[in-house]
Amino acid sequence: MPESDPASIGAGPSLTLRTEAAPSNPAATAAAGQGETLQPTADPAVNSEVTVDPAAFNGIVPGVSTTEDVRKAWGEPTARAEQDGDLLHLYEVGPFSRVETHFRDGKVVGIVVHLEKAYPANLVAEHLQLSNVRPVLVSDPQGMVIGQAFPEKGVLFGFSPAGEVGKASMLVTQIVLDPISAEPFVLRAETFLENDPESAEKDLRVALRLDPALARAHWLLAKSHILLGSASAGLAAARQAVTLAPHDPQFRLTLAQLLALTGEREAALRELQTVVAAAESRPHLKARAVCALGDLNANAEPPDYKRAVDYYSEAIKIAHPIASDAHPAYRLAAKEVLVDAHLGAARSIAWGPWEQKEIVVPRWLERAGTAADELAKEGGSPLFRIRVAAAALSAAVGVPSGLDPQPWIGRLEEAAPAALAEAGGLRRLQIQWDIGVALYDAVQCFQIRGEHELALQYGMEAAELLESGQASRTLQQSDYYLMGRLYFRLGAIHAIAKQDHDSAVQFFDKAVPMLQKAAAGTTGLSAGRLGETFVSMGVSYWESNQASRAIELTEQGIKLLEAAVQSGAMDAAALEVPQSNLTAMRRQARTPSAADTSPDGAAPSLPR
């Protein structure tokens with residue numbers, strides 16, 4: 001990189017970018033329409049609130065100033081020409097011997113200031129007082145980084161070529177001013193979406209004010225809502241994107257994902273089948289759609305794990321050759337599919353009707369881990385390493401004797417700091433939630449293996465992460481169930497493994513309100529399992545001399561069990577012990593002296 005003197009950039013009258021009042025009609029400045037669609041490449045700058053504030057060059061504001069304004073400010077041009085239907089005037093302004101000014105319908109629609117030599121981008125940004133604006137790198141369709149945009153200002157730095165796909169020289173040779181338009185905001189939103197969906201959503205709101213019919217902005221808004229835990233809002237945005245661009249398979253792919261998240265499984269299936277049929281010429285999208293079909297079958301009620309594995313295998317077959325594609329966007333997309341498809345297959349085999357799981361499942365997980373490591377080397381998100389570890393812990397619950405959770409917890413702890421460091425705001429809390437969910441699976445596995453101290457250790461860590469992470473989401477029934485079951489498991493370890501009911505009820509006090517919310521409207525086997533949980537907690541409350549609470553929870557549990565029996569999901573025998581417990585509790589509660597007949601004044605024991 002050539003050495004430069006920052007002072008030399010501003011010698012004499014030089015380049016002066018002054019902020020002007022934004023036009024009263026932002027839509028009038030929305031049509032930049034210049035060149036190819038911008039392609040995203042990450043730039044690790046810090047964002048703040050989006051304030052549209054178009055820049056001016058020596059008193060001239062693209063989208064606002066007229067031909068006459070330029071003549072008065074700069075005099076007559078040194079040359080005139082036509083370019084793509086626009087008027088092109090060349091000027092000498094101060095020390096800049098070549099300033100291109102583009103006019104359309106009597107207004108300035110672009111200014112290109114050519115620098116006599118290349119300057120480091122950070123110095124130019126500092127000199128032009130752009131350091132407080134989060135920039136985004138811009139690449140061409142071949143993946144070559146060509147510049148850096150500052151969306152709020154309508155400024156683009158043109159870079160000298162780096163000579164390598166995906167790399168930026170960060171040396172400025174041109175400074176381009178355009179009218180404020182939607183596309184750079186969309187570009188920045190897409191670039192930072194994964195780690196900072198809050199800021200991405202703000203950018204997309206600005207973009208949609210400028211261009212309400214921009215389908216890609218609606219699509220990215222839907223993806224931001226997924227990351228922010230608002231599936232219903234995301235579904236509306238995805239539907240709008242598909243309405244505006246019905247033939248774009250990636251928009252339908254996101255719509256299918258949101259339909260599945262909101263419980264519209266059949267509609268999701270139809271959308272995925274449409275994407276698979278329409279994406280023959282875009283195999284990276286076809287691979288993702290086929291992988292999503294695997295997810296749909298694995299998460300069905302009841303799950304069809306065999307069919308899910310078939311889809312995951314097909315997705316891997318499609319994605320594998322694309323993983324070595326020369327274009328980084330296609331290559332990374334294919335590797336992401338390879339990670340997710342291998343993880344989906346590992347989970348499905350772990351929980352499905354296969355033999356030799358303890359041999360097969362680790363192989364699938366290791367392949368997923370290899371693909372995640374390759375992604376990380378190419379600048380991919382460290383979240384994929386977290387995803388691999390989390391999936392392994394989920395699989396370990398299905399294969400507890402053949403899959404030690406400890407090494408995967410180690411991988412989770414190793415990957416977490418980098419992912420949390422990159423994430424901002426709510427996204428960081430969401431990652432904490434995801435890590436908490438993974439540790440909950442570890443708790444289940446340790447309980448099955450009889451390693452109660454480890455279950456308590458990681459259960460407490462999981463509880464802390466879920467408690468902090470819940471601020472990032474609108475809790476659904478499944479979230480209440482997850483947190484309630486975690487507290488229940490921690491309490492059950494104290495009650496059963498340690499025979500410490502007083503400690504157990506401290507966790508059950510947290511579990512009960514969560515599980516009561518999870519139980520609302522629950523039917524079938526799910527209702528029965530919750531009923532058993534309430535009955536079990538009732539025993540500990542009874543042993544802790546909280547008779548009224550014990551009776552209340554046992555009654556709630558019996559109602560849920562009765563619903564499960566009536567639906568045919570459980571046998572009537574499931575009610576025998578709970579009803580016996582309740583009868584004993586009611587009888588002994590009516591005879592206060594009965595407790596005194598037990599050693600040490602403890603409440604009489606109940607059937608379990």
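Begin by selecting Cys-445: its relative accessibility is 0%, and the residue therefore counts as buried, the cut-off being under 20%. The model on display is a predicted one. Select Cys-291 next; this residue has a relative accessibility of 1%, so Cys-291 also counts as buried. A search for disulfides may follow, and the structure holds zero of them.

**The whole protein**

Now zoom out and show the entire chain. The protein has 608 residues, and 52% of them count as buried. Coloured by secondary structure, the protein displays 22 helices and eleven strands. If the surface is switched on, the accessible area comes to about 27,400 Å², with 50% of that area belonging to carbon and sulfur atoms. Contacts may be considered at this scale as well: among those with a separation of 6 or more, 61% are between residues 24 or more positions apart.

**Strands β6, β7 and β11**

Select residues 96-104, which make up strand β6, and find Glu-100 within the strand. Is Glu-100 buried or exposed? Its relative accessible area is 12%, which is under the 20% cut-off, so Glu-100 is buried. Display its side chain together with that of Arg-98, and a polar contact of 3.1 Å appears between the two side chains. Leaving aside residues up to four places away in sequence, Glu-100 touches Leu-88, His-89 and Leu-90, and also Gly-110, Ile-111, Val-112 and His-114.

Extend the selection to residues 107-120, strand β7, which runs antiparallel to β6 and is joined to that strand by six bridges. One pairing to display is His-102 with its bridge partner in β7, Gly-110. The two strands form a hairpin with two residues between them, and in the turn Asp-105 has a positive phi of about 55°.

Which strand should be added next to β7? Residues 171-177 form β11, an antiparallel neighbour that six bridges join to β7. Here His-114 stands opposite Gln-174 of β11. His-114 is also among the residues that Glu-100 touches.

**Helix α7 and its surroundings**

Move to residues 231-244, helix α7. The end C-alpha atoms of this helix are 20 Å apart, which agrees with the span of 20 Å expected for 14 residues at 1.5 Å a residue. Within α7, colour the buried residues: Gly-234, Leu-235, Ala-237, Ala-238, Ala-241 and Val-242. The spacing of such positions can be read with a general rule in mind. An α-helix has 3.6 residues a turn, so residues three or four places apart point the same way. What do the buried residues of α7 pack against? Showing residues 215-227 and 249-261 reveals the partners, α6 and α8 respectively.

**Helix α10**

Select residues 283-298 to bring up helix α10. For its 16 residues, 1.5 Å a residue gives an expected span of 22 Å, and the end C-alpha atoms are 23 Å apart, which agrees. In α10, 13 of the 16 residues are buried, so the helix is largely enclosed by the rest of the structure.

**Helix α17**

The last stop is helix α17, residues 452-469, where Glu-464 is found. Its relative accessibility is 57%, and because exposed means over 50%, Glu-464 counts as exposed. Finally, mark the distance from Glu-464 to Gly-436: the two residues are 28 residues apart in sequence, while their C-alpha atoms are 7.8 Å apart in space.

Technical notes:
Residues are numbered from 1 along each chain as its sequence is written. This is a predicted model: local features need pLDDT of at least 70, side-chain atom pairs count only at pLDDT 80 or more; totals for chains, interfaces and linings use all residues. Side-chain values use heavy atoms; hydrogens and water are left out. Helices (H or I, at least four residues) and strands (E, at least two) are DSSP runs, numbered from the N terminus. The expected span of a helix is 1.5 Å times one less than its number of residues. Buried means under 20% relative accessible area, exposed over 50%, partly exposed in between (1.4 Å probe, protein chains only). Contact means heavy atoms within 4.5 Å. A disulfide is a pair of cysteine sulfur atoms within 2.5 Å. Accessible areas come from the Shrake-Rupley method with a 1.4 Å probe; for residues, only the protein chains shown count as cover. A polar contact is a pair of N or O atoms within 3.5 Å; within protein, one must be able to donate a hydrogen and the other to accept it, and residues adjacent in sequence count only if both atoms are side-chain atoms. Two strands pair if DSSP finds at least two bridges between them.
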